[in-house]
There are 4 protein chains.
Amino acid sequence: MSSDFKISGVVPPVVVPMAEDGSIDREAYEKHLNRMIDAGIDGLFFLGSSGEVAFSTDERRREIIEIGMEINQGRLPVLAGCIDMQTNRVIEHARAMEQLGVDAIVATAPFYAIPGPGVIANHFRAIHEAVDLPLFAYDIPVCVNTKLGWQELAMLGAEGTLAGVKDSSGDDVSFRFLVRENDRNGHPMSLLTGHEVVVDGAYLAGADGSVPGLANIDPVSYVKMWKAYQAGDWAQVKAIQDYLADLMLITQVTVGVGGYGAGVGAFKTALKEMGIFNTNRMPSPVDALEGENVEAIHSVLVDAGLI
Amino acid sequence: MSSDFKISGVVPPVVVPMAEDGSIDREAYEKHLNRMIDAGIDGLFFLGSSGEVAFSTDERRREIIEIGMEINQGRLPVLAGCIDMQTNRVIEHARAMEQLGVDAIVATAPFYAIPGPGVIANHFRAIHEAVDLPLFAYDIPVCVNTKLGWQELAMLGAEGTLAGVKDSSGDDVSFRFLVRENDRNGHPMSLLTGHEVVVDGAYLAGADGSVPGLANIDPVSYVKMWKAYQAGDWAQVKAIQDYLADLMLITQVTVGVGGYGAGVGAFKTALKEMGIFNTNRMPSPVDALEGENVEAIHSVLVDAGLI
Amino acid sequence: MSSDFKISGVVPPVVVPMAEDGSIDREAYEKHLNRMIDAGIDGLFFLGSSGEVAFSTDERRREIIEIGMEINQGRLPVLAGCIDMQTNRVIEHARAMEQLGVDAIVATAPFYAIPGPGVIANHFRAIHEAVDLPLFAYDIPVCVNTKLGWQELAMLGAEGTLAGVKDSSGDDVSFRFLVRENDRNGHPMSLLTGHEVVVDGAYLAGADGSVPGLANIDPVSYVKMWKAYQAGDWAQVKAIQDYLADLMLITQVTVGVGGYGAGVGAFKTALKEMGIFNTNRMPSPVDALEGENVEAIHSVLVDAGLI
Amino acid sequence: MSSDFKISGVVPPVVVPMAEDGSIDREAYEKHLNRMIDAGIDGLFFLGSSGEVAFSTDERRREIIEIGMEINQGRLPVLAGCIDMQTNRVIEHARAMEQLGVDAIVATAPFYAIPGPGVIANHFRAIHEAVDLPLFAYDIPVCVNTKLGWQELAMLGAEGTLAGVKDSSGDDVSFRFLVRENDRNGHPMSLLTGHEVVVDGAYLAGADGSVPGLANIDPVSYVKMWKAYQAGDWAQVKAIQDYLADLMLITQVTVGVGGYGAGVGAFKTALKEMGIFNTNRMPSPVDALEGENVEAIHSVLVDAGLI
């Protein structure tokens, strides 16, 4: 009854490069994806929160997937975010993704209109029934204002509605309860953490993998950390995570900015400074980082040995 | 420089009737709109938060507008909600609405991705530049998690970006500051309150009109209240608002439900009990109210003399 | 069964003047209270949120009341805030206030530890049983993180636990429902609004009076507004409230500050600029406003004709 | 310049047993503290959030410390919570604790009145200057509504204001940044995690110890986990944490309750079921758990092998 789709390891949420005119920078996209795939990652998550999903029209979403899949050439499984306010709109995205041939889809709790009791389970069941693809729940209360309860997630996994969870809730207590309950249920779901700074703790807790935005910057280290975990070498896991926590300071050293512009803005700026992206352009109406903020990020990259 | 479009009076956010199969119930829609227009309302706001916008696919949104405008036959100005996560997606809705011939559009702060400093002004300016229609800001933090600042709104009105504001923030202090500043700026914007229970206070504060969900149930009383206000008869204004506050208890007497299902669910149930809607069906995955909750609403309607 | 204590009209939450050494400035205190009493206010609310309650030791709280009551000489009823985290601590304050001879006490929902179902009603009942003084509920979610439900407040009034409510919730919809239900119950409670910028709307809604922090700055206008309301002269009510809304800009024109330092800091600065306070010193560790922020406030006072 | 006081290992926040009449149950208190001390814990944290601090009068706070210290007989270092709204009130508690002879004090961000920029650093500095005891910052936004920033905490540690941090923020990303910065500063602060369900991850991150409420129930396992961590046996650390996560379900299996009554209520009920406490009485106005909720907790304890 439960999903056959399993995924583990490192599955970066792909940050998308833009040309100065706002179009997708195909050359940089190719360089970026190939660099991550060559590093040994285990899957690609397109159209996540840091993958421009909220800023992209349906047409642009399709483009991000199509070009991404052309570059991928089936080397890795592809997960695609189907992010929209309520069930019927999510299902439309899901059907579009199904036609494009992705391997799994990812949906959040309904948002904008507040869900009453029972609505969240109905929501995921309706998506699951509508589309013949493994479905991941995306737990991201900072974006959708609702925390998915671990009991409800575990139940939806046990009944076969959910193939997994991408946890970006920041609530590691709830995540631990979810991991334990999912194990008691026979491990029907793949449970992935989205918190790139504490992936080591999530692995210790029993996460099946990670979806670290920072793996766009340093995929090699996230792959090494995963392998160290598989080998039971916790001293190595911790050492790599400590290094990556320091690298994540690219998102903390800027001033006068905030929200998406500070977070994904730092990722794009780092990728430009490292020569992988040609611009650090952000989707309208967000401004690209500039001046001293770029220098501060550059300095963190130098400290990390990435430049 | 500022917008020429002015609107005042009562502009209900239209609740949409569904048939049992989930399609729009055209007959009920006609009865419902004509009833409100005959009552003397001053405009129609389609695709607001209580107008199913978050639950409707692009196709369904178009249908709601098209049928609504067919029924309206140009009798009243039409405002259309262009609700989506970020600027580019909002602009697509706005262009679709422009083609359908609406009179003005309504957009919220960007949501899902958190806006940093300066992003909100950029957002409304980009929409305004893209579409040649009067633009209203929809201030609804409970849905989008951001409160629009009164200083920023007033500035956007003075510069001609915004034609008005629909305030559903529940922050009457901020609304008062906005009204005062808009007056100091020469009243470039039409300022409408969305809080059906305290419209009298908003009129006293200087609101140009109201967008009361409850006017779907009792449009006549909201029109009477507006006329009493125009006549300076505050005792009458207050008396009508008191009656309408008691009628609004339809949203407070239910148990075991919450969010959209309790709020808009009560409106649809009342309209069915009054014989205007044929069903109280809600958009998937929200359940319609039933049993004792329907009886409790029925009882409020009897107390109000509407049944 | 319900409380016999009734209060109506204008009841300012008293802002407390400090000498440069941090002690209470007795001379300024006297000038300040006499000025408000002479203006015709109807009661004094000491130890409210803007009355230094959170910053004052038990000894200082006693001093604020004792000196205040000495100055008052029984001219007006005295309400005293008994603000603390949980019931037993509140009761201790309440007993101290009882010994000092205040006329009524004011308590918030329990805070710091999160109240579960039923705890809030138990809390007010326990205070009411412990102390033989009229008890007001202080609804101030911005400070205590809990919104008091109107149904529960109305019930506590009907049963005689509460003598009234001081509403600083900013939720005018809930306040309207409370006023209506309190009327249906025979008006056992005195309902006061704390929102100085929209007192006119609250009067229209049926408030029994107001607790406006801004009345520390301009008590005469709040008294005039109350009298205009009593006379049914709504045009006058509105005109005065508009003037007072503009005066409230003293709290909006500062930059680089926030929270208590910006709000009460603006009140103290205004009182100093007007020659009533000798300093604008704030309780440790909050800094007094200075430089351009003082000038900005000064300028608002000049515009208002108060300087 | 920085504090000499260091603490590491397991420091339970002591849950306080009450007799049926509401007084402290001295016999149970002795049994409880000795059981934890005998298990090998490293310190005692009295008057934490789960240690009745918000519910206790000053007199009761003193009693909790005095009796606790009598039982302790100097065997372990004693930390005492000095929890109150603003600086001056906190300092009074701190001075009382100093007289009672505790080894260190613990204070939160100021609450009730909202802190503006700079206020938090001023707050901790004022407490540090007033009292000659090592000072721990207690980061607990769920109670005080403010998250302490890791940069500010690290700075306050480096300058010698803070001796450590007790992190109950649930924000493990921020905690990781804090640990890293504290290390770069030469490790002036002892950093303790308060999240009993993910202590293993905090140890991996570099925490100096833990303050687990659940150690009241099973101190032996938390001590074993600490020793396994010291020995670098991560498989054992994880296994013990998994067992303890399952034990923590005592706080998740109840229904119809919430907040303090559900959390600390479950701890007290477990201690009673295990024969350590004589009652599961809660401080007024919180009700003790009963009936099926007690049975559900009992069942978790049986599964854990503790009964």
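1. Which residue of β8(C) does Thr193(C) stand opposite? Thr193(C) faces Ser210(C) there. A word on the basis before going on: this is a predicted model, in which local features need pLDDT of at least 70 and side-chain atom pairs count only at pLDDT 80 or more, while totals for chains, interfaces and linings use all residues. Residues are numbered from 1 along each chain as its sequence is written, chains are lettered from A and ligands numbered from 1 in the order in which they are written, and side-chain values use heavy atoms, with hydrogens and water left out.

2. Back to chain C. Strand β7 (residues 190-193) of chain C pairs with β8 (residues 209-210) of chain C in the parallel sense, over two bridges; strands pair here if DSSP finds at least two bridges between them. Between β7(C) and β8(C) the chain passes through helix α8 (residues 199-205) of chain C, in a right-handed β-α-β crossover. Right-handed means that, with the strands pointing away from the viewer, the path from the first strand over the helix to the second runs clockwise. Helices (H or I, at least four residues) and strands (E, at least two) are DSSP runs, numbered from the N terminus.

3. β7(C) also has β6 (residues 164-167) of chain C as a parallel partner, joined by four bridges. In this pairing Lys166(C) stands opposite Leu192(C). The connection from β6(C) to β7(C) goes through helix α7 (residues 172-184) of chain C, and this crossover is right-handed.

4. Is β7(C) covered on one face or both? Both: Ser190(C) and Leu192(C) are buried on one side, Leu191(C) and Thr193(C) on the other. Buried means under 20% relative accessible area, exposed over 50%, and partly exposed in between (1.4 Å probe, protein chains only). The split fits the usual rule that side chains in a regular strand alternate between the two faces of the sheet.

5. Chain A gives the overall sheet: eight strands, open, with parallel pairing, in the order β1-β8-β7-β6-β5-β4-β3-β2. Its edges are β1 (9-10) and β2 (44-46) of chain A, each pairing on one side only. Three bridges tie β2(A) to the parallel strand β3 (residues 78-81) of chain A, with Phe46(A) opposite Ala80(A). Helix α2 (residues 58-72) of chain A packs on the sheet and touches β2 and β3 of chain A (contact: heavy atoms within 4.5 Å). The direction of α2(A) makes about 160° with that of β2(A); axes are lines fitted to C-alpha atoms, for helices over the stretch in contact, and angles run from 0 to 180 degrees between N-to-C directions.

6. For chain B, look at helix α6 (residues 150-158), where Trp150(B), Leu153(B), Ala154(B), Leu156(B) and Gly157(B) are buried. Seen down the axis of α6(B), these fall within an arc of 160°, so they line one face of the helix; the arc is that of the directions from the helix axis to the C-beta atoms. Their cover includes α4 (119-130), β5 (135-139), β6 (164-167) and α7 (172-184) of chain B. Just after α6(B), Gly160(B) has a positive phi of about 95°.

7. Salt bridges number 68 over all chains, each being a side-chain nitrogen of Lys or Arg within 4 Å of a carboxyl oxygen of Asp or Glu. One of them lies within α2(A): Arg62(A) and Glu59(A), with the closest N and O atoms 2.7 Å apart. These two are three residues apart in the helix, so about one helical turn separates them. Arg62(A) is partly exposed at 32% relative accessibility, and Glu59(A) is partly exposed at 42%.

8. Chains B and C are bridged in both directions. Asp246(C) meets Arg184(B) at 3.1 Å, N to O, a pair that runs from helix α10 (residues 234-247) of chain C to helix α7 of chain B. Arg184(C) and Asp246(B) also form a salt bridge, with the closest N and O atoms 3.1 Å apart; this pair goes from α7 of chain C to α10 (residues 234-247) of chain B. Arg184(C) is partly exposed at 43%, and Asp246(B) is partly exposed at 22%.

9. Between chains A and D, a salt-bridge network links Arg176(A), Arg180(A), Glu181(A), Arg184(A), Asp200(D), Lys238(D), Asp242(D) and Asp246(D). Arg180(A) sits in helix α7 (residues 172-184) of chain A and is buried, at 18% relative accessible area. Leaving aside residues up to four places away in sequence, Arg180(A) touches Asp242(D), Ala245(D) and Asp246(D).

10. Finally, the pairs without contact. Chains A and C do not touch, their nearest C-alpha atoms being 13 Å apart. Nor does any contact join chains B and D, whose closest C-alpha atoms are 13 Å apart.
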